[in-house]
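I opened this notebook to record what I looked up, one topic at a time. The entries follow the order of my reading.

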Amino acid sequence: MVPPRRVPPVALTCKMSWFLWLSRVRRRRAKNQNTRARKRNTRAAAAVTLEEIRALPPSATRPSYPRVLLQGARSIKEAQPWNCVMCGYVNELTPHLLYNLPAFQCTGCGADPREGDTDFGFSFADLDFNNVCPIGHVKQQKPGECIANALVSSVEINNRIMMTILEQPPIKKGPILDIEDLNFKYKKKWREEGKPEMKDYNGHSFLTMIRVFQTDGVKEMVVTHEDTTKLHKISDWDWINGDDFVAISSALADGYPLVFGFLVGEKVAYLEPGEIYMPPPEDSVSDDGERKPERHFAVLVGAHQEKKVKFFYFLNCWDEEFCKRSNNEGDGIRGGVGAISADGLCFGPVQIFRFNERKTQEVQQQ
Ligand SMILES: [Zn+2]
């Protein structure tokens, strides 16, 4: 039986000016990112201890992790080493925190792999990571609040992964952050920064919400009878180039959930597991000519390459009814994660940093 579907509560309007503005911000940040990447590449990749991870300086966002983690073998498609037909070099896998990825080009001679050599696929929804699934729960957003939900989900997943690595496993579904608290602080900051009143959320709202996480922090919902109020903060974030499938897949394989935007039309609500969503073109209209695609935010939680097809898995905030799995699949969440074509992203996804900011990102007891 087909599960009942709801009309997705999407409220972000698709405005070209906003898109152009985001592209400009992205270009500006990309400049800084390139400088940082160059610095990173000069660093030798040596094994580090947890204590060293905790002490890492803010610029080191992708250290080499200690691999003492129990990982359930839950990749959808395991990456394999491949032999280069040009030079005979055996290209071993590249280790990342949660998954190993194939070498995307020959290390020996730089040649491209044969079709199928670099196939792989993984999703956080299928991972048992030290007995913890990185996705604790699926949210159900209020109308217009997809940005807040996506951002909060990414901070929560970051926290689950970080606490698992620090050998302090999180509770089954948590942490669950208080979206009302984020909304309240966002509105306050919006006024303090002298911005004009707005009906909808937009790209500026997204950046303002990130600043709330950086300066004020967002409360964790009280799920026990303890009297403490926990605040979750982040120290920094960055864009990843939206056209760079390897960079996005690598960040995901390192366990970073990435906030991104895409256009949605009517068909998205009927997406089934195993289907890849192809967002409608920006200037398209619905069959009855009444509706245009709307912008929506979600969280990338996995990547997949199968021959020439490249796509990502994304965690939505339309409850587990979205893209619902059969009861026999997986042992964690029952739905809520769909697949989207790799060229369907509206802008470069946003990475919230996890390590090296332990002092600020860790949960603070008040
Ligand atoms: Zn080669």
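**Entry 1. Helix α3 against helix α4.** I note at the outset that the model is predicted. I began with helix α3, residues 146-165, and helix α4, residues 179-192, whose axes come within 10 Å and cross at roughly 120°. I recorded the crossing of α3 past α4 as right-handed. On the α3 side the contact is made by A148, N149 and V152, and on the α4 side by I179, L182 and N183. Sorted by class, this contact of α3 with α4 has four nonpolar residues, two polar ones and no charged ones.

**Entry 2. Helix α3 against helix α5.** I then turned to helix α5, residues 203-215, which packs with α3 at an angle of about 40°, the axes being 10 Å apart. Here too I wrote down a right-handed crossing, that of α3 past α5. From α3 the contact draws on I147, A148, L151 and V155, and from α5 on S205, F206, M209, I210 and F213. I sorted the residues of the contact of α3 with α5 and found eight nonpolar, one polar and no charged.

**Entry 3. The chain as a whole.** I stepped back to the full chain, which holds seven helices and 15 strands. The chain has 366 residues, and buried residues make up 40% of them. I also looked up its contacts between residues at least 6 apart in sequence: 69% of these join residues at least 24 apart.

**Entry 4. Helix α6 and its cover.** Which residues of helix α6 are buried? In this helix, residues 245-253, I listed I248, S249, A251, L252 and A253. I next asked what covers the buried residues of α6. The cover includes β4 (100-101), β5 (120-123), β9 (258-264), β11 (294-306) and β14 (350-352). Just after α6, I noted that G255 takes a positive phi of about 85°.

**Entry 5. Strand β11 and its partners.** Two of the strands in that cover, β5 and β9, led me to β11. Strand β11 is mostly covered, with eleven of its 13 residues buried. I followed its pairings one by one.

- With β5, β11 pairs in the antiparallel sense over four bridges, and F122 stands opposite A303 of β11.
- With β9, β11 pairs in the antiparallel sense over seven bridges. I noted L258 opposite L300 of β11, and G261 with F297 of β11 as its bridge partner.
- With strand β12, residues 309-315, β11 pairs in the antiparallel sense over seven bridges. Here V299 has L315 of β12 as its bridge partner.

I added that β11 and β12 form a hairpin with two residues between them. In the turn, K307 has a positive phi of about 55°.

**Entry 6. Strand β9.** Why is β9 described as largely enclosed by the rest of the structure? I recorded that seven of the seven residues of β9 are buried, so this strand is largely enclosed. I then sorted its residues by direction: L258, F260, F262 and V264 point one way from β9, while V259, G261 and L263 point the other way, and all are buried. Strand β9 also runs antiparallel to β14, and two bridges join them. One pair I wrote down is V259 with its bridge partner V350 in β14.

**Entry 7. Two loop residues.** Is A125 buried or exposed? This residue is found in the loop between β5 and α3. I found 24 C-beta neighbours of A125 inside 10 Å; the cut-off for a buried residue is 20 or more, so A125 counts as buried. A125 and V301 are 176 residues apart in sequence, yet 7.6 Å apart in space from C-alpha to C-alpha.

The second residue, L93, is found in the loop between β2 (90-91) and β3 (94-95). L93 has 16 other C-beta atoms within 10 Å. That count lies between the limits of 12 or fewer for exposed and 20 or more for buried, and therefore L93 is partly exposed. Leaving aside neighbours within four places in sequence, I listed A79, P81, N100, L101 and P102 as the residues in contact with L93. Finally, I looked up Q80, which is 13 residues from L93 in sequence and 6.7 Å from L93 in space, C-alpha to C-alpha.

Technical notes:
Residues numbered from 1 in each chain as written. Predicted model: local features only at pLDDT ≥ 70, side-chain atom pairs only at ≥ 80, totals over all residues. Axes fitted to C-alpha atoms, helices over the stretch in contact; angles between N-to-C directions. Left-handed = near helix turned anticlockwise from the far one by under 90°. Contact = placed C-beta atoms within 7 Å. Nonpolar A, V, L, I, M, F, W, Y, C, P; charged D, E, K, R; others polar. Pairing = 2+ DSSP bridges.
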